[in-house]
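This report introduces a structure to a reader who has not met it before. It considers the ligand surroundings, a pair of strands and the cysteines.

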Amino acid sequence: MKTNEVLISGRHLTKVFGYGKHKTTAVDDVSFEFHKGEIISIVGESGSGKTTLAKMIMGLLKESSGSISYMGKPRQLKRHADRKKYWKHIQAIFQDPFSSFNQFYKVEKLLLDCIRLQGLKLSKEEQLQKMKEACSFVNLKYEELHNKYPFELSGGQMQRLMIARIFMLHPQLLIADEPTSMVDACSRSTILDMLLKLRDENEMTIIFITHDVGLAYYVSDTLYIMERGKVVESGPAEDVIIHPQHPYTRQLISDVPKVHEAWDLS
Ligand SMILES: Nc1ncnc2c1ncn2[C@@H]1O[C@H](COP(=O)(O)OP(=O)(O)OP(=O)(O)O)[C@@H](O)[C@H]1O
Ligand SMILES: [Mg+2]
């Protein structure tokens, strides 16, 4: 559940790509405060700056201006050791699950690496136990998959394997950039339910990035609506959906028949 403790906050974050005529302000003066155990959805159409914002939060892109605080302190990423420490707390699921795995490693090694990353000293038996537990959490059979390479898995299996890794690493912050776009509606809800379960068990903070305002409403505590680099509206999911203030939010909602029905019924 969402707590009152702030995990990460951003102040006046801006990211400008290019110069002169080719300048794009991908993220324009965005501020936020995300709490432990909170699920936040960042919603906006293609090109609105969602992934760019996520990359700055992850420390993969340097902000042009503004600052980020993590657990109440200014985030420092200058030294390699600082980045390594920060990235221990953060995991991401990207649009394309293929890019998330080293294609030359078998499933067994990909999972074993999670144990190593945490610096856990476990016996062979305990390692196996942990990997099996992670697989069964996402309804995969370790015995059937451990000897396979990522390219030998289906899109859905690969996404579940990503969640198995999250299960093993239990990060404080998970960023999921359109995690469900590659799978059908049925496995889509299974994946979401798995992530919600993980949040409840670990007090993980989850940032969902999506075009789909209906999905965002279903999973989130808080919504941030982005348009052309700016957050035009934010607040508790119910408030934003039931009483949208900004014309862009109203337009997003009217594009989703289901949310509209729920809104009419309430
Ligand atoms: N590395 C880059 N160099 C130059 N421009 C970039 C770069 N990355 C993103 N942009 C531009 O910044 C803007 C925001 O892109 P971003 O990828 O953040 O959008 P998005 O909201 O994630 O879109 P989508 O929903 O399609 O994934 C776009 O205009 C894009 O062309
Ligand atoms: Mg994107």
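## The shell around ligand 1

By class, the shell around ligand 1 is made up of 9 polar, 2 nonpolar and 2 charged residues. The model described here is predicted. In total, 13 residues surround ligand 1, and the closest of them are Ser-46, Lys-50, Thr-51, Thr-52 and His-211.

Lys-50, Thr-51 and His-211 each bring a polar side-chain atom to an oxygen atom of ligand 1. The table gives the distance for each.

| Residue | Distance from a polar side-chain atom to an oxygen atom of ligand 1 |
|---|---|
| Lys-50 | 2.7 Å |
| Thr-51 | 2.8 Å |
| His-211 | 2.7 Å |

On its own, ligand 1 has 640 Å² of accessible area, of which the protein covers 60%. Two elements give two or more residues to the shell around ligand 1, namely strand S2 (24-35) and helix H1 (50-58). Of the elements, H1 gives the most to this shell, with 3 residues.

## A hairpin of two strands

Attention now turns to a pair of strands. Strand S9 comprises residues 222-227 and strand S10 comprises residues 230-236; the two run antiparallel and are joined by 6 bridges. Within this pairing, Tyr-224 stands opposite Ser-234, a residue of S10.

How many residues lie between S9 and S10 in the hairpin that they form? There are 2 residues between the strands, and Arg-228, in the turn, has a positive phi of about 45°.

## The cysteines

How many disulfides does the structure hold? The number of disulfides is 0. For Cys-114, which is in no disulfide, the nearest cysteine sulfur is that of Cys-135, at 10 Å. A disulfide requires the two sulfur atoms to lie within 2.5 Å, and the distance of 10 Å between the sulfurs of Cys-114 and Cys-135 does not meet that cut-off. Cys-135 is likewise in no disulfide, and the nearest cysteine sulfur to its own is that of Cys-114.

Are these two cysteines buried or exposed? A residue counts as buried when its relative accessible area is under 20%. Cys-114 has a relative accessible area of 2% and is therefore buried. Cys-135, at 1% relative accessibility, also counts as buried because its value is under that cut-off.

Conventions:
Residues are numbered from 1 along each chain as its sequence is written. Chains are lettered from A and ligands numbered from 1 in the order in which they are written. This is a predicted model: local features need pLDDT of at least 70, side-chain atom pairs count only at pLDDT 80 or more; totals for chains, interfaces and linings use all residues. Side-chain values use heavy atoms; hydrogens and water are left out. A residue is near a molecule or strand if one of its heavy atoms lies within 4 Å of it. A polar contact is a pair of N or O atoms within 3.5 Å; within protein, one must be able to donate a hydrogen and the other to accept it, and residues adjacent in sequence count only if both atoms are side-chain atoms. Accessible areas come from the Shrake-Rupley method with a 1.4 Å probe; for residues, only the protein chains shown count as cover. Helices (H or I, at least four residues) and strands (E, at least two) are DSSP runs, numbered from the N terminus. Ala, Val, Leu, Ile, Met, Phe, Trp, Tyr, Cys and Pro count as nonpolar, Asp, Glu, Lys and Arg as charged, and the others, Gly among them, as polar. Two strands pair if DSSP finds at least two bridges between them. Buried means under 20% relative accessible area, exposed over 50%, partly exposed in between (1.4 Å probe, protein chains only).
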